[in-house]
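Please open the model in a viewer and keep the selection panel at hand. The tour below proceeds stop by stop, naming what to select and what is found there.

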Amino acid sequence: SKQEFPIDQKVQTILNQFIVPKKLLDDGIDLFTKSMDEGLRNPLAGSSFMPMIPSFITKIPTGKEKGLFLACDLGGTNFRVCSVELNGDHTFNLEQLKTKVDHSYMVGDSNNLFNFLSLHVKEFLEVHHDEYLSSNKDNQRLKMSFTFSFPIDQTCINRGKLIRWTKGYDVKDAVGQDVIKLFQYTLDQHKLPVDLVAITNDTVGTLLANSYVSNTSNQTLIGAIYGTGTNGCYIESLDNIKKLKPETVEKLKSKGQNYMVINTEWGSFDNRLQCLPNTKYDEILDSETPNQGYHMFEKRISGMFLGEILRLVLIDLNQKNLLLTEFYCSEKNDKPITLPHRLLRPWAFQTEVLSKLEIDDSTDLKISKLCYDNDLRLETTLEDRRIIQKVVKAVSKRAAYLSAIPIAAIILQQNDGKPPKEEIQVGADGAVIEFYPEFKEHIMEALRLTELTEAGAGKIKFTIAKDGSGVGAALCSKTAETLS
Ligand code: ADP
């Protein structure tokens, strides 16, 4: 292992604020379990507790499903359209077209946003399924599901009113509206042979996709996302979902359906900050966001925020004369030279950059130096680079440890508070869990510290299904077909 270098006590004190001890995990799991129960009882979505949104998905794929379906996915960064041919044997063929959502669509009006999405659907059909646009297909229409990863108030499989935006979006007139209606309207304006049949969430898609591709008999219990944002869903028994109307439950049960996938919206776990760590960096970050006071869990964990937490710590360290003092704040002539412009701009760091800094083990941290020189025009000494790497590791490790709370809570809740004896699959997706070095390993490390114990934690398998969100959404259309 590498030689440790001595670290200034004042810097260490700041790093220590990012440690997540066992007690915090245990308290977090307790509170998460209570929040789940509260959310399952309370039909008033949109307040300060975890929404626990019924997905109206009551069937879990077996891998035998067949058919051609369209799916589209609006995430924090991209819009993807795809077609999925389910082959009925755990395999599929997928075509997709992806576009970055320009900031102007995230903050304009809803027609502007959905018209942009419809044009992209049109382009996709022109490239991959021209036959449906010409008369060759006898006016056949395609079923599409919409993966819309923002909190919605859903009343059935294809109706969902937007509760509020997250992840930097702020299309005001869409709040409170049924997003399926808004989207279908613009699809119809372009005369596209497409019917939106389901609205779903990336977490639900991830869970379904994992169940479809997996050919083990072990159930996928949880779908979890760690990307621009974080969220998760799991399979809950209908009897526990107290907020469902009794007639709805009865109707489902009469069809032999006994459970439903619940989208927890765990990004807004502990918005009241009863147990989450709350450093002054977290406070400043929250004040910089459009959804201040909401998604407090997400703001400590997901890709959109880690870079900003890092930036705020670095600025603070510099102001305390503990970092970047050689070039940027000379005590000698007692006139501080300000930090480079880029570092002073909120949201300057991308999580990809943190990934690179975290794993840099080059001599004198030369790779990090390149990052600072090129991405931020920031001059650093070796000592600076060592400190920054420590901060990066502290921020990302806290994120991964906190990420273990919902996973442990859900598994314990489903197992009557005991560690599981059988293997449990967690279908995961998102660039952070996929690419951030050690992120998954740190989640596992934290899980072993909880009441799951080493043995129980050892039963948990994270799997990342390739193209999960597209396949999962296609499976929602399939479910919509069988439910109607
Ligand atoms: P979305 O959640 O928008 O569907 P992704 O799953 O691709 O999209 O997540 C994007 C987030 O992941 C961004 O915050 C980005 O900074 C971060 N990210 C992308 N690549 C990496 C990487 N190699 N390492 C760490 N984080 C990454």
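A residue is counted as buried if 20 or more other C-beta atoms lie within 10 Å of its own, and as exposed if 12 or fewer do. The model is a predicted one.

**Helix α5**

Begin by selecting α5 (179-189). Which of its residues are buried? They are Val-179, Ile-180, Phe-183, Gln-184, Thr-186 and Leu-187. Viewed down the axis of α5, these buried residues fall within an arc of 165 degrees, so they line one face of the helix. An α-helix has 3.6 residues a turn, so residues three or four places apart point the same way. Turn to the other side of α5, where Asp-188 and Gln-189 are exposed.

Next, display the elements against which the buried residues of α5 pack: α4 (110-128), β5 (142-148), β6 (152-156), β7 (159-162) and β8.

**Two positive phi angles**

Move just past the end of α5 to Lys-191, whose phi is positive, at about 55 degrees. Most residues other than glycine have a negative phi. Lys-191 sits in the loop that joins α5 to β8 (194-200). Is Lys-191 buried or exposed? With 9 other C-beta atoms within 10 Å, Lys-191 is exposed.

Then select Leu-273, which is not a glycine and yet has a positive phi of about 55 degrees. Leu-273 belongs to the loop between β11 (259-263) and α8 (280-287). Leu-273 has 14 other C-beta atoms within 10 Å and is therefore partly exposed.

**Ser-83 in strand β3**

Select Ser-83, in strand β3 (residues 78-87). Ser-83 is buried, because 22 other C-beta atoms lie within 10 Å. Leaving out residues up to four places away in sequence, its contacts are Leu-68, Leu-70, Glu-95, His-128 and His-129. A distance may be drawn here from Ser-83 to Pro-193: the two are 110 residues apart along the chain, and their C-alpha atoms are separated by 14 Å.

**Helix α2**

Now select helix α2 (residues 22-41). How does its span compare with expectation? At 1.5 Å a residue, its 20 residues should span 28 Å, and the end C-alpha atoms are 29 Å apart, which agrees.

Colour the buried residues of α2, namely Leu-25, Gly-28, Ile-29, Phe-32, Ser-35, Met-36 and Gly-39. Seen down the axis of α2, they fall within an arc of 135 degrees, so they line one face of the helix. On the other side of α2, Lys-23 and Glu-38 are exposed. The cover over the buried residues of α2 includes α14 and α16 (439-449).

**Helix α16**

Continue to α16, in which Phe-439, His-442, Ile-443, Ala-446 and Leu-447 are buried. Down the axis of α16, these buried residues fall within an arc of 145 degrees, so they too line one face of their helix. They pack against α2, α14, α15, α17 (453-457) and β13 (460-464).

**Helix α14 and the nonpolar core**

Select the largest nonpolar core, which has 131 residues; Leu-310, Ile-407 and Ala-408 have the most contacts inside it. Which helix gives this core its largest share? Helix α14 (residues 382-414) does, with 17 residues.

Centre the view on Ile-407. Apart from neighbours within four places in sequence, Ile-407 is in contact with Ile-222, Ala-224, Val-426, Ile-443 and Leu-447. Of these contacts, Ile-443 and Leu-447 are among the buried residues of α16.

Then go to Ile-388, also found in helix α14. Ile-388 is buried, as 24 other C-beta atoms lie within 10 Å. Not counting residues up to four places away in sequence, Ile-388 touches Leu-314 and Leu-357. From Ile-388 to Arg-398, 10 residues apart in sequence, the C-alpha to C-alpha distance is 15 Å.

**The ligand**

Finish at the ligand, which has 17 residues around it. Which of them come nearest? They are Gly-75, Gly-227, Gly-303, Ala-431 and Phe-435. The elements giving two or more residues to this shell are α9 (303-319), α12 (351-359) and α15 (431-435). By residue class, the shell around the ligand consists of 5 nonpolar, 11 polar and 1 charged.

Methods
Residues numbered from 1 in each chain as written. Predicted model: local features only at pLDDT ≥ 70, side-chain atom pairs only at ≥ 80, totals over all residues. Core = buried A, V, L, I, M, F, W, Y, C linked by C-beta atoms within 7 Å. Helix = DSSP H or I, 4+ residues; strand = E, 2+ residues; numbered from the N terminus. Contact = placed C-beta atoms within 7 Å. Expected span 1.5 Å × (residues − 1). Arc of directions from axis to C-beta. Near = placed C-beta within 6 Å. Nonpolar A, V, L, I, M, F, W, Y, C, P; charged D, E, K, R; others polar.
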